[in-house]
Amino acid sequence: DVQYAIDEFSKSGYFEYFDAPEWYYLSDVPVNPYERPTILGLVNEIEDDVFDQVHPDETASKITELIESLPTEDPAVQILLPRLYYLRGLNYELDGQEELAVEVYLELIEKYPQSLWGQYAQIRIQPAK
C-alpha cells in the first residue's frame, strides 16, 4: 500500500541497516568505519571521469579492472555490472572510439537485455532519424 510506504519512510529517524557483502567495500579503511569507501562510490567517481573525459584511457582501464574483479556469482553484482558496461561504452563513445563503443553496447545488450542500462545502450546505437 502506497500510503503505508509513505508513512513508514517519512518517519523521522527511519533507518534500515544495509548488511553489505565484503566485496562492496574498498580496501581503504578510514579511521571512522562508517566512512568506509564503497564500490558504489567508486562507480560514481568513474561515471564522473567518463563525463569529464580527462583521462579516458585510464578510465577505461579502471572500468575493465573493476568488472573483472567483481564476484559475478553474487546476485548483487548483477545490479552494478550493466551500469559499468554502459559507462565503458559511453567512455569509448565520448573519446571518439565509436567502433569500440558499439562493441561494448552490443555486449551489454546481449548480457543484460532487460536492464535499464541495456535499453540505454540500444538507444545509443540506433541510427538518428
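# Close-ups of a six-helix chain

**View A. Lysine 62 and aspartate 49 pair up in a salt bridge, with their closest N and O atoms 3.1 Å apart.** The two partners come from distant parts of the chain, 13 residues apart, with lysine 62 sitting in helix H3 and aspartate 49 in helix H2. A salt bridge here is a side-chain nitrogen of Lys or Arg within 4 Å of a carboxyl oxygen of Asp or Glu. Helices (H or I, at least four residues) and strands (E, at least two) are DSSP runs, numbered from the N terminus. Lysine 62 is partly exposed at 39% relative accessible area, and aspartate 49 is partly exposed too, at 24%. For the wording: buried is under 20% relative accessible area, exposed is over 50%, and partly exposed is in between (1.4 Å probe, protein chains only). This is a predicted model, where local features need pLDDT of at least 70 and side-chain atom pairs count only at pLDDT 80 or more, while totals for chains, interfaces and linings use all residues. Residues are numbered from 1 along each chain as its sequence is written, and side-chain values use heavy atoms, with hydrogens and water left out.

**View B. Arginine 124 meets glutamate 93 in another salt bridge, at 2.7 Å from N to O.** This pair also ties distant parts of the chain together: arginine 124 belongs to helix H6, glutamate 93 to helix H4, and their positions lie 31 residues apart in the count. Arginine 124 has a relative accessible area of 38%, so it counts as partly exposed. Glutamate 93, at 22%, is partly exposed as well.

**View C. Lysine 111 and glutamate 107 make a salt bridge inside helix H5, at 3.2 Å from N to O.** The two residues are four apart in H5 (residues 98-111), so about one helical turn separates them. Lysine 111 is partly exposed at 42% relative accessibility; glutamate 107 is partly exposed at 27%. The structure holds four salt bridges.

**View D. Asparagine 91 is tucked away in helix H4 (residues 77-94).** With a relative accessible area of 1%, asparagine 91 is buried. Leaving aside residues up to four places away in sequence, asparagine 91 touches Val50, Gln53, Pro56, Thr59 and Ala60 (a contact means heavy atoms within 4.5 Å). Take proline 56: its C-alpha atom is 6.5 Å from that of asparagine 91, although the two are 35 residues apart along the chain.

**View E. Glutamine 53 sits in the loop between H2 and H3.** Its phi is positive, about 55°, even though glutamine 53 is not a glycine. Most residues other than glycine have a negative phi. Gln53 is also one of the residues that asparagine 91 touches.

**View F. The second largest pocket holds about 200 Å³ of space.** Eleven residues line this pocket, and the closest to its centre are Leu42, Lys62, Glu65, Leu66 and Ser69. Helix H2 (39-52) and helix H3 (56-69) are the elements that give two or more residues to the lining. H3 contributes the largest share, six residues. Lys62 should look familiar from the salt bridge with aspartate 49. A pocket, on a 1 Å grid over the protein atoms alone, is an open set of points where a 1.4 Å probe fits, with protein on both sides within 12 Å along at least five of seven lines; lining residues have an atom within 4 Å of a point. Its volume is the space filled by probe spheres set on the points, which are joined across faces, edges and corners.

**View G. Leu116, Tyr120 and Ile123 form a nonpolar surface patch with about 290 Å² of accessible area together.** Isoleucine 123 lies in helix H6 (residues 116-125) and is exposed, at 55% relative accessibility. Patch residues have over 30% relative accessible area and no salt bridge; nonpolar side chains (Val, Leu, Ile, Met, Phe, Trp, Tyr) are joined within 5 Å, like charges within 9 Å. Areas come from the Shrake-Rupley method with a 1.4 Å probe; for residues, only the protein chains shown count as cover.

**View H. Zooming out, the chain has six helices and zero strands.** Its elements run α-α-α-α-α-α from the N terminus on. Of the 129 residues, 32% are buried. Among contacts with a separation of 6 or more, 43% join residues 24 or more positions apart. The chain exposes about 9000 Å², and carbon and sulfur atoms supply 54% of that.
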